[in-house]
Amino acid sequence: MTKRHGYALLAAIVAVIVAISAAIYVGVAADDGAQTTVAGGRSPHNSAAPASVGTWVGAWAASPAGSEPGTEVNGMAGRSVRNVVHVGVGGTAARITLSNLYGQQPLSITHASVAVAATANNAAAAADSMRRLTFGGNPSVVVPAGQQVVSDAVRLLIPHDTDVLVTTYSPTPSGPVTYHPQARQISYTAEGDRTEDVSGVAYTGQTPYWRYLTALDVLSNESDGTVVVIGDSLTDGVTSSVGENRRWTDVLTERLRAGSDGPRYSVVNQGISGNRVLTSGLGRPAENPSGLARFDRDVLGRTNVRAVVVALGVNDILRTPSQTDANRITAGLRELKRLAHARGLRVVGATLMPFQGHRGYRPHLEDTRQAVNAQIRSGRVFDAYVDFDEALRDPYNPRRLRSEYDSGDHLHPSDKGYERMAEVFDLDDLKGAAPAEL
C-alpha cells in the first residue's frame with residue numbers, strides 16, 4: 001500500500017467515525033418516539049451511566065395558564081425556582097420545556113438543572129443525581145416573549161413514581177412569570193443562584209405554583225408512547241390532597257403501569273382549572289385559553305402522543321356567560337376529535353359529572369349537561385367514552401355527586417372520587433389509532 005493510499009484509507013475511516021458520531025448526537029434530540037440512543041449529557045459531576053436505548057415519552061406536563069400576579073415587573077429576578085414534579089414512568093435520560101408564553105420581554109435563564117428528589121415533597125436532591133442542563137450545548141438560554149425552549153437531553157436514571165426537581169435561575173427582571181396556578185404540589189425558591197444546590201437548605205421559599213416549566217420528557221423502556229389528557233379543574237385535581245398525587249390521571253398512570261394487557265403508555269395531565277371547550281379568557285395571549293385554542297400546543301405538541309382523552313364541557317355550562325346550547329358544546333368536542341384524527345390519534349371522551357348543590361347549579365343548566373351526555377353516549381362525539389357521570393353520581397339523585405365521591409363543594413371529587421374516575425376507565429379504549437374517515 002502506498003503512503004497516498006494509506007492516507008486515503010485513514011481519511012475514509014475518520015469520515016465514517018464522524019458520521020456515526022453525528023448520527024448518535026442527532027438521536028438525542030429526536031422527538032418522533034422512535035428507538036433512540038443517548039450519547040451523552042453534561043452534568044456537574046461526570047455521569048458513569050452507559051448509553052441507553054428507549055423511547056422518548058412525556059413523563060410530566062402542565063399547561064401554561066397565565067401570568068403570575070405580582071411578577072409583572074421583576075419576574076423571578078435573582079431567585080432560583082425549584083419546581084417539584086412527579087413522574088409516573090421512569091427513564092435513563094431527560095429533557096425539559098421552559099415557557100415564556102405570558103412574558104412581555106425576553107427571559108434570561110443563566111443556569112438550569114434537573115435531579116431526582118431525595119424524598120417526596122422535598123427540595124433536596126438524591127445523591128449523585130444533580131445534572132446541569134444545556135440548551136444547544138450552552139448552559140444559558142434566552143427565551144423570547146411568547147415562546148418556549150427545549151433543553152438538550154441529559155443522562156439521568158429516573159425511577160418511576162418519583163419526584164423530580166427542575167431548577168432555573170434568572171438574574172435579571174423578565175416581567176410576568178408564565179405559570180400553572182393549581183399544582184397541588186409545593187415547589188420552592190431560593191435567593192441567588194442555587195441551581196445546583198443538592199441539600200435544598202437554601203430553598204426556604206414555598207409556592208403552590210409551577211413556574212416556567214411545562215414539560216419533562218424521559219427516554220424510557222417502560223413506555224411506548226404518551227396519553228394526553230386535556231381537561232379542566234376536574235383533571236387538574238384542584239381538590240385532591242396536596243403532594244400526594246391523587247388526581248385521577250395519577251391513578252390512571254398507576255393502572256397503565258401495573259396492567260399486563262393494557263397499552264404501555266405514560267400519561268400527561270393538561271388540565272387547566274376553569275377551562276372551557278369554546279371560550280378563552282382575557283388578554284393577549286389569552287389566559288386560560290379554550291380547549292380549541294390550546295389543543296395544538298398542549299396536546300399535539302407533546303412528545304410521542306398515541307391517544308387523547310378529552311374531559312371538557314362543564315365550565316362552558318357553569319361559567320358566565322353560560323352556554324346552554326348542547327349542540328355548540330358537542331360541536332366543539334367533535335372539532336377536537338377532528339384535530340386529533342388528522343394526526344391519526346384515537347380520542348376517548350368523558351361524560352360531564354353532576355353538580356347539583358354547587359353555587360352555580362340551575363335546573364336549565366342540568367338540562368344542558370344531560371343533553372351533552374346523551375350525545376356523548378350515542379357515539380356521535382368521540383371514538384369511545386368513559387362514563388364519569390354514571391360512576392360518580394348519587395344513585396338516588398343522579399343530579400348530585402355521591403357523598404363519598406364529593407369533596408364538599410358538590411362539583412369536584414374527593415380523593416376517593418378521583419380514584420373512582422380512574423378505576424372505571426377502560427384501558428382498551430386507548431389502544432389503536434383513529435378510525436378511518438369515510
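Which residue of S22 stands opposite alanine 350? In this predicted model, where local features need pLDDT of at least 70, side-chain atom pairs count only at pLDDT 80 or more and totals for chains, interfaces and linings use all residues, the partner is valine 386. Residues are numbered from 1 along each chain as its sequence is written, and side-chain values use heavy atoms, with hydrogens and water left out.

The setting is an open sheet of 5 strands, ordered S19-S18-S20-S21-S22, with parallel pairing. Strands (E, at least two residues) and helices (H or I, at least four) are DSSP runs numbered from the N terminus, and two strands pair if DSSP finds at least two bridges between them. Strand S19 (265-271) and strand S22 (384-386) sit at the edges, each pairing on one side only. From one strand to the next, the twist averages 25°.

Strand S21 (residues 346-350) is joined to S22 by 3 bridges, and the two run parallel. Besides alanine 350, glycine 349 also has an opposite number in S22, namely tyrosine 385. Towards S20, the count is 4 bridges, again with parallel strands; here valine 308 has valine 347 of S21 as its bridge partner.

What about burial? In a regular strand, side chains alternate between the two faces of the sheet. Both faces of S21 are covered, with Arg346, Val348 and Ala350 buried on one side and Val347 and Gly349 buried on the other. Buried here means under 20% relative accessible area, against over 50% for exposed and partly exposed in between (1.4 Å probe, protein chains only). Since 5 of the 5 residues of S21 are buried, the strand is largely enclosed by the rest of the structure.

Now for the helices. Helix H3 (residues 248-258) lies across strand S18 (225-231), S19 and strand S20 (305-311), running at about 175° to S19. Axes are lines fitted to C-alpha atoms, for helices over the stretch in contact, and angles run from 0 to 180 degrees between N-to-C directions.

Helix H4 (residues 291-300) packs against helix H6 (residues 326-341) at an angle of about 30°, their axes 10 Å apart. That makes the pair roughly parallel, a label for angles under 35 degrees (over 145 is roughly antiparallel, 65 to 115 roughly perpendicular and the rest oblique). Contact (heavy atoms within 4.5 Å) involves Gly291, Leu292, Phe295 and Leu300 of H4, and Gly332, Glu335, Leu336, Leu339 and Ala340 of H6.
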